[in-house]
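Work through these exercises with the structure open beside you. Try each task before you read its solution.

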Amino acid sequence: MTDFTCHEVCVEINGSNYYFHKGFIEAANFILPQISEFLDRDYEETYFIGHSYGAAVSNVLCMLTKSNEKYKEKKIFSIAFAPPPSMSKIPAHIQECMYSFINKEDIIPHMSLLNILHTVDLKQIPLSTFFSNFCNFLRASKNKTIMKFVEFLDKYEKEIMKTLE
């Protein structure tokens with residue numbers, strides 16, 4: 001997991017505000033100028049494809065290019081496998097260009113800050129109880145990668161709790 005802190009940035013696009021995961025929008029903004037020459041060519045279709053982190057960046061790249069006057073009429077698509085949440089909303093005409101494939105038991109694509117806040121009212125329960133319940137929820141998955149993440153959480157629980165309080 002590259003960024004569990006969920007920093008978001010607000011970006012105005014065509015007069016509307018969109019909130020992006022800071023790491024994903026920075027990666028997309030880094031890539032975009034490097035591929036602009038490719039995007040300017042007369043290809044019939046262009047696909048951004050990625051898994052996990054790359055899937056989130058793929059979706060953001062699709063959003064940014066399809067929102068750009070220069071590319072909005074081009075056939076640009078995103079094919080994303082297990083994308084973590086990357087943006088607050090997507091205009092309908094751009095949603096038609098994005099295809100996301102998510103395993104129903106994969107928790108990462110569902111772990112937006114908003115989903116976590118809607119799942120539990122952190123003002124109603126102590127943070128330590130939430131943290132403990134969250135770790136127990138993760139342990140139930142029996143997934144090796146998730147179990148390593150839980151071991152990390154267990155090992156650094158005190159430090160994590162200090163930063164969250």
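## Exercise 1: Two helices, α5 and α6

In this predicted model, the axes of helix α5 (residues 127-139) and helix α6 (residues 144-155) come within 9 Å and cross at roughly 155 degrees. Task: decide how α5 runs relative to α6, and list the residues that make the contact.

Solution.

Step 1. Start with the angle. The axes cross at roughly 155 degrees. Angles over 145 degrees count as roughly antiparallel. Therefore α5 is roughly antiparallel to α6.

Step 2. Add the hand. The crossing of α5 and α6 is left-handed.

Step 3. List the residues. Helix α5 brings F131, F134, C135, L138 and R139 to the contact. Helix α6 brings I146, M147, F149, V150, L153 and D154.

Step 4. Sort them by class. The contact of α5 with α6 has nine nonpolar and two charged residues, with no polar ones.

Step 5. Pick out one more residue of α5. N136 is found in this helix. Its relative accessibility is 42%, so N136 counts as partly exposed. N136 and V150 are 14 residues apart in sequence, and their C-alpha atoms are 8.7 Å apart in space.

## Exercise 2: Two helices, α1 and α2

Task: describe how helix α1 (residues 22-40) crosses helix α2 (residues 53-67).

Solution.

Step 1. Take the distance and the angle. The axes of α1 and α2 come within 9 Å and cross at roughly 60 degrees. That angle makes α1 oblique to α2.

Step 2. Add the hand. Here the crossing is right-handed.

Step 3. List the residues. From α1 come G23, F24, I25, A27, A28, N29, I31, L32 and L39. From α2 come Y53, A56, V57, V60, L61, L64 and T65.

Step 4. Sort them by class. This contact of α1 with α2 has 13 nonpolar residues, three polar and no charged.

## Exercise 3: Following L39

Task: find out whether L39 is buried or exposed, and which residues it touches.

Solution.

Step 1. Place the residue. L39 sits in helix α1.

Step 2. Check its accessibility. Buried means under 20% relative accessible area. L39 has 2%, so it counts as buried.

Step 3. Look for its contacts. Leave aside neighbours within four places in sequence. L39 is then in contact with L32, T46, F48, T65, Y71, K74 and I76.

Step 4. Compare sequence with space. L39 and I76 are 37 residues apart in sequence. Their C-alpha atoms are 9.2 Å apart.

## Exercise 4: Two loop residues, S86 and C97

Task: for S86 and C97, give the loop, the accessibility and the contacts.

Solution.

Step 1. Place S86. It lies in the loop between β4 (76-81) and α3 (92-95). Its relative accessible area is 8%, so S86 is buried.

Step 2. List its partners, leaving aside neighbours within four places in sequence. S86 is in contact with Y19, F20, H21, F24, A56, N59 and V60.

Step 3. Place C97. It is in the loop between α3 and β5 (98-101). C97 is buried, with a relative accessible area of 8%.

Step 4. List its partners, not counting residues up to four places away in sequence. C97 touches C62, K66, I76, F77 and S78. From C97 to I76 is 21 residues in sequence and 6.8 Å in space, C-alpha to C-alpha.

## Exercise 5: Positive phi

Task: state where N14 and S52 lie, and what their phi values are.

Solution.

Step 1. Take N14. It is in the loop between β1 (8-13) and β2 (16-21). Its phi is near 50 degrees, a positive value in a residue other than glycine. N14 counts as exposed, at 60% relative accessibility.

Step 2. Take S52. It is in the loop between β3 (46-51) and α2. S52 is not a glycine, yet its phi is positive, about 60 degrees. With a relative accessible area of 28%, S52 is partly exposed.

## Exercise 6: The whole chain

Task: how many helices and strands does the protein chain have, and in what order do the elements run?

Solution.

Step 1. Count. The chain has seven helices and five strands.

Step 2. Order them. From the N terminus on, they run β-β-α-β-α-β-α-β-α-α-α-α.

Step 3. Check burial. Of the 165 residues in the protein chain, 35% are buried.

Step 4. Check the surface. The protein chain exposes about 11,000 Å², and carbon and sulfur atoms supply 55% of it.

Notes:
Residues are numbered from 1 along each chain as its sequence is written. This is a predicted model: local features need pLDDT of at least 70, side-chain atom pairs count only at pLDDT 80 or more; totals for chains, interfaces and linings use all residues. Side-chain values use heavy atoms; hydrogens and water are left out. Axes are lines fitted to C-alpha atoms, for helices over the stretch in contact, and angles run from 0 to 180 degrees between N-to-C directions. Helices (H or I, at least four residues) and strands (E, at least two) are DSSP runs, numbered from the N terminus. Angles under 35 degrees count as roughly parallel, over 145 as roughly antiparallel, 65 to 115 as roughly perpendicular and the rest as oblique. A crossing is left-handed if the near helix is turned anticlockwise from the far one by less than a right angle, and right-handed if clockwise. Contact means heavy atoms within 4.5 Å. Ala, Val, Leu, Ile, Met, Phe, Trp, Tyr, Cys and Pro count as nonpolar, Asp, Glu, Lys and Arg as charged, and the others, Gly among them, as polar. Buried means under 20% relative accessible area, exposed over 50%, partly exposed in between (1.4 Å probe, protein chains only). Accessible areas come from the Shrake-Rupley method with a 1.4 Å probe; for residues, only the protein chains shown count as cover.
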